[in-house]
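Trainee: Please show me how to read the surroundings of a ligand and a pair of aromatic rings.

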Amino acid sequence: MKVAVVGATGMVGEVMLQVLAERNFPVTELIPVASEKSVGKEIEFKGKKYKVVGLQTAVDMKADVALFSAGGETSLEWAPKFAAAGTTVIDNSSAWRMDPTKKLIVPEINASELTKEDKIIANPNCSTIQMVMVLNPLHKKYNIKRVIVSTYQSITGTGVKAVQQLENEYAGVQGEMAYKYPIHRNAIPQCDSFEENGYTKEEMKLVRETQKILSDKTIAVTATAIRIPVVGGHSEAVNIEFSNDFDMNEVRSILHHTDGVVVQDNNDTYTYPMPLFAQGKDDVFVGRIRRDESQPNSLNMWIVADNLRKGAATNTIQIAEYLVANKLV
Ligand code: 2RA
């Protein structure tokens, strides 16, 4: 497979290259793509050096698959050009996610929706992916009525500039700010910009994308997204109200038997998910599973995943793997 990685020099792009190699994705030719300022730079992939090329050059090279992590503007302009050249695009930006003609895919949940005609496929937002991985099997069994989620998001979701800001603040030096406020010793109740309704785009992604991926607009979701000075992954406190009652042991068993989900839940041994230990892993970790004693048919849980891996790069490559395995590319 001729594979283009668009945004190859960014945080997610670098993890994509790492995961492509780790999972031995059948890359016969790699096309690292970045903005003009990076053209000509060399990157190494599986022991071979490749020169970064610009977007139009990459389109003309007619890759089989293009994995995008280059922001919404670039994707809106260039994904159609790659698709017109016969390349199947899997895009990490929010540009196409809510487009009714585009599929929004978490392979373990809805990869079967994909067809050969899907030339631009949307990868969901990182905080959505980890949550729906856990919601999906429980929704099938008990029917979810409502979800209340509070996220505690890694600064790697913002990018290199945010990681540098935290390092500068640790070192007590003034540098470029990724956020309006210091992030060291702080929690910022804003991820992305505000919408008219007072919620941030990040919070509304959790609402809208969850309903699209689970194909159920009746699921009520409300979210609060917080940025915290952590780098290993996103954490989420999730409260779920079901239509029907449930058995706690059955809930744990269902999650334990769900591909891509690992239950870490034992108070006696202080076992619960944490971003420090989720970093670099592809699973979604769930713990602190307990009945909500204030509300019938409801439970609380804590969900953690590496936002750069299952939240972005790995999910993208799993979609590509599905396309290859099912001869859709
Ligand atoms: C964030 N989910 O964490 C967004 C984009 N990666 O900032």
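Mentor: The ligand comes before the rings here. This is a predicted model, where local features need pLDDT of at least 70, side-chain atom pairs count only at pLDDT 80 or more, and totals for chains, interfaces and linings use all residues. Residues are numbered from 1 along each chain as its sequence is written, and side-chain values use heavy atoms, with hydrogens and water left out.

Trainee: Which residues are around the ligand?

Mentor: A residue is near a molecule if one of its heavy atoms lies within 4 Å of it. Here they are Asn125, Cys126, Gln153, Gly157, Thr158, Glu202, Arg227 and His234.

Trainee: Which N or O atom in a side chain is 2.6 Å from an oxygen atom of the ligand?

Mentor: A polar contact with the ligand is a pair of N or O atoms within 3.5 Å. The oxygen atom has its partner in the side chain of Arg227. A nitrogen atom of the ligand is 2.7 Å from an N or O atom in the Glu202 side chain.

Trainee: How are aromatic pairs described?

Mentor: The distance of the centres and the angle of the planes describe a pair of aromatic rings. Rings of Phe, Tyr and Trp (its six-membered ring) pair if their centres lie within 6.5 Å; planes under 30 degrees apart count as stacked, over 60 as edge-to-face and the rest as tilted. The structure holds 6 such pairs. Tyr142 and Phe246 have ring centres 6.1 Å apart and planes at 65°, so this pair is edge-to-face.

How values were computed:
A polar contact is a pair of N or O atoms within 3.5 Å; within protein, one must be able to donate a hydrogen and the other to accept it, and residues adjacent in sequence count only if both atoms are side-chain atoms.
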